[in-house]
Amino acid sequence: MPVIDLWAKDGYLSTPDGNSIYFWGFSKSETGPAQLPGPHIVARQGETININLYNTLTEPVSISFSGQSGIMADGQPVQPQYTDGKLLSFFNHAEPGGMVSYTFTPSFPGTFIYESGTNPHKQVPMGLYGGMVVRPADYNPDAREFKTAYGAGTDTEYDREYLLITWEIDPDMHQAVEEGKPYQVSKFLPRYWTLNGRCAPDTMLMDGLDYLPHQPYGSMIMGQPGEKILMRYIGAGIENHPLHPHGTHTRVVAVDGRLLRNENVDLSFKRFTVLVGAGQTYDQIYQWDDLGYTTQNPIPTILPNLRNMGVGDAGWTMWSGSPYLGVKGDIPVGVVSYNEFGEYYFMLHSHEELQITNWGEFPGGMMTMVAIYPSLSPAVGILE
Amino acid sequence: MATVIKRFGATDGWVSMPDGTDHYIFGFVDISVVPENQIFQYRGKATLLAPLLDVYEGDEVYLTLTNLGFPNRPDLDDTHTIHWHGFPNQIPLWDGVPEASISVPVGRDFTYYYQPLDPGTYIHHCHFEPVEHIQMGMVGPVTVRPKLEKELGLKFAYNDENTAYDREGLIFLTELDPRPHHLVANVQEFDWTEYSPEYWLINGRSYPDTVKPANDQSMPQQPFSALVEAYQGEKVLLRFVNIGFQQHCLQIPGVPLKVVGLDAQQLRGYNGEDISYWRDVIYIAAGQTMDVIFTAPRAGIYPLYNRNLNKNTIAGTEFGGMVTEIRVSPKP
């Protein structure tokens, strides 16, 4: 039986505008840093897993596993916890310095959130949440027919997969918790919006950076033309966020871990903006097909002299300087290009545009890019 | 298929609300047929909404953006772009994201090219510092009509006879927070996390202006009417667009609404399953579009309004805001 240890701890997250914000998060080990979001849990349909929660915080902590049934805590069915007749936790919790051991068997595949069930109005906005992916029972990443989100024959084959978890930060709340002062959640006013715990442009950086020890997950989506890119969205904040990828539509194949299909009737649908509600999950296939322009089949418009155009007004650009995939052009002198091989970049962002700022300054917040490379290692876009 | 050649100028201007207030905007103005030596006469004449781009599936569209500058803010030399929101399989050059391709400085032109292959309701907007440029008004509608219309000589939302209609209306939703408009006009910064709109608009107007005719003389920079008129029994297509920063929920009591398309995609499953559905309330998030068909009921006036009832106001006081009317006449 797979055993996963989660340690509830505190730490400081970093924002690109130089802020350092106190938060609570889950860690993989006793000595590791608190993480935002918590460590990804990858489980398998029908396989019982055991999750041990160790609590180093000063108040009780529990975990809610959405979409799961028959959850046991220390061998008993989970139950709400009360002190003096007042609700304290939705589920069995670990006392400060204590632990609780959950076991359950995921009965169907999909994307799920796990999050605190104790003082959740405070603990989830403080950072006690993470993503869980349940593989179908027949999952086999080495056989295309069985490398699916929902099982063979469900039209959910994919080439690469990514998890994007939305969340918001009201720094006043975090400071109040750090200083032990009262805070009115009804006054919640976010100044930062995150994907996988980071604000743009940090979202576009790679996983596991030394200088973001508490925010290990990047959000850059990478693939090749024509590939099926599985995007798993999770809404971990207390607000809804309309996520809009440029480049093409996504086909929504499942919501809340439920395949959009009744018997043989397919109910999946395409959207260019998906509203990720609080606590919801959306599984989608993004497939960008090349329009076919190459240096041999040129674009039907004239590329102006780039010295006359706005390129990298922010001092940097993701552009190659060429209209063509896999070709690098001449970027004007003085502009830094982060383009590697002539890959295409398409923005993916919240369309409540104030959310793509860091405390009001664009660019920032809930924004990343989809990068389409002319060729890309098969080792990119794997969730473990 | 046809070749469509359009030219939009990016500039600034002013819009008015029913309470008599004026608000500074950025926006686009259609200069497609203006001689080159006269384009500067269109500085300061941006419209809210930006001009409609109305094309057929398969057309070749050459859309030139000319940055005319801001006569009210000559110090502000922002570049602009046009982003066709929802265009599938786009290449970055024509996607209008400054961080991933080109933007257009003051006095320069750039031509975007599109060959739309999927009919439906889209949006175009500037993507330069989008929180500012969208709120300031650089937003407009895009309609792509299906080939089936040309084949059968009738009107359809998609390439499917089940999406036939007689008349169409645009319900294009935005909000206006007067503070950033005032601050930008006065060379000041706004903290966008404090965004809190006071005006809720359909087609760039607040009720009762929404039901005034198109190109009304009293609102030269708000040319789009939101009044929908039909004869009893006619099928009416409403193209809902939300390019504000909030969710909205629109309803027309007494008129059931059939949702046939979302985000410029007909509601069809993998195997062609019909997954269209009926609603009384159209709940739409920022950056979404919905194609909705209803049958005009018995003659009368049917208000269309926001079920977030606080948005049916002018600056929070008078009745107005995100309201318009469906006026149904008896069969002629």
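Into which domains is chain B divided? Keep in mind that this is a predicted model, and colour chain B by two ranges: domain 1 covers 3-157 and domain 2 covers 169-329.

**Stop 1: the two halves of chain B**

Put a centroid on the C-alpha atoms of each domain of chain B and you'll find the two centres 20 Å apart. Now bring up the contact between them: domain 1 of chain B puts in 35 residues, and domain 2 of chain B puts in 39. To see where the domain 1 side comes from, select strand S1 (3-16), strand S2 (22-30), strand S7 (120-125), helix H1 and strand S8 (139-145) of chain B, the elements that give two or more residues each. S7(B) has the largest share, with 5 residues. Colour that side by class and you get 18 nonpolar, 13 polar and 4 charged residues.

**Stop 2: where chain B meets chain A**

Bring chain A back into view. The contact between the chains takes 45 residues from chain B and 52 residues from chain A. On the chain B side, pick strand S6 (109-114) and helix H1 (130-135), each of which supplies at least two residues. You've already had H1 selected: that helix of chain B also gives two or more residues to the side of domain 1 that touches domain 2. By class, the chain B side of the chain contact holds 24 nonpolar, 14 polar and 7 charged residues.

**Stop 3: an arginine in a loop**

Next, zoom to B:Arg205, in the loop that runs between strand S10 (199-202) and strand S11 (228-231) of chain B. Is B:Arg205 buried or exposed? B:Arg205 counts as buried because 27 other C-beta atoms lie within 10 Å, where the cut-off is 20 or more. Skip the neighbours within four places in sequence, and show its contacts: B:Thr210, B:Met219, B:Gln222 and B:Ala226. Then draw a C-alpha to C-alpha distance to B:Met17: that residue is 188 residues away in sequence but 7.2 Å away in space.

**Stop 4: an open sheet in chain B**

The loop you just left leads to S11(B), so to speak your ticket to the next view. Select S11, S22, S19, S13 and S17 of chain B, and you have an open sheet of 5 strands in that order, with mixed pairing. S11 and strand S17 (281-284) are its edges, each pairing on one side only. Ignoring direction, neighbouring strands in this sheet are turned by 20° against each other on average. For a closer look, take strand S19 (residues 300-306) and strand S22 (residues 323-329) of chain B: they run antiparallel and are joined by 6 bridges. B:Gly300 is a handy marker, standing opposite B:Val328 in S22(B).

**Stop 5: a covered strand in chain A**

Hop over to chain A and select strand S13 (residues 160-169), where 10 of the 10 residues are buried. In a regular strand, side chains alternate between the two faces of the sheet. Here both faces are covered: A:Arg160, A:Tyr162, A:Leu164, A:Thr166 and A:Glu168 sit on one side, with A:Glu161, A:Leu163, A:Ile165, A:Trp167 and A:Ile169 on the other.

Which strands pair with S13(A)? Strand S16 (residues 229-235) of chain A pairs with S13(A) in the parallel sense over 7 bridges, and A:Leu164 has A:Tyr233 as its bridge partner there. Strand S14 (residues 192-195) of chain A pairs with S13(A) in the antiparallel sense over 4 bridges. To finish, show A:Trp167 and A:Thr194, which stand opposite each other across S13(A) and S14(A).

Key
Residues numbered from 1 in each chain as written. Chains lettered and ligands numbered in written order. Predicted model: local features only at pLDDT ≥ 70, side-chain atom pairs only at ≥ 80, totals over all residues. Contact = placed C-beta atoms within 7 Å. Nonpolar A, V, L, I, M, F, W, Y, C, P; charged D, E, K, R; others polar. Buried ≥ 20, exposed ≤ 12 C-beta atoms within 10 Å, placed from the backbone. Pairing = 2+ DSSP bridges. Axes fitted to C-alpha atoms, helices over the stretch in contact; angles between N-to-C directions. Domains from an automatic or database assignment.
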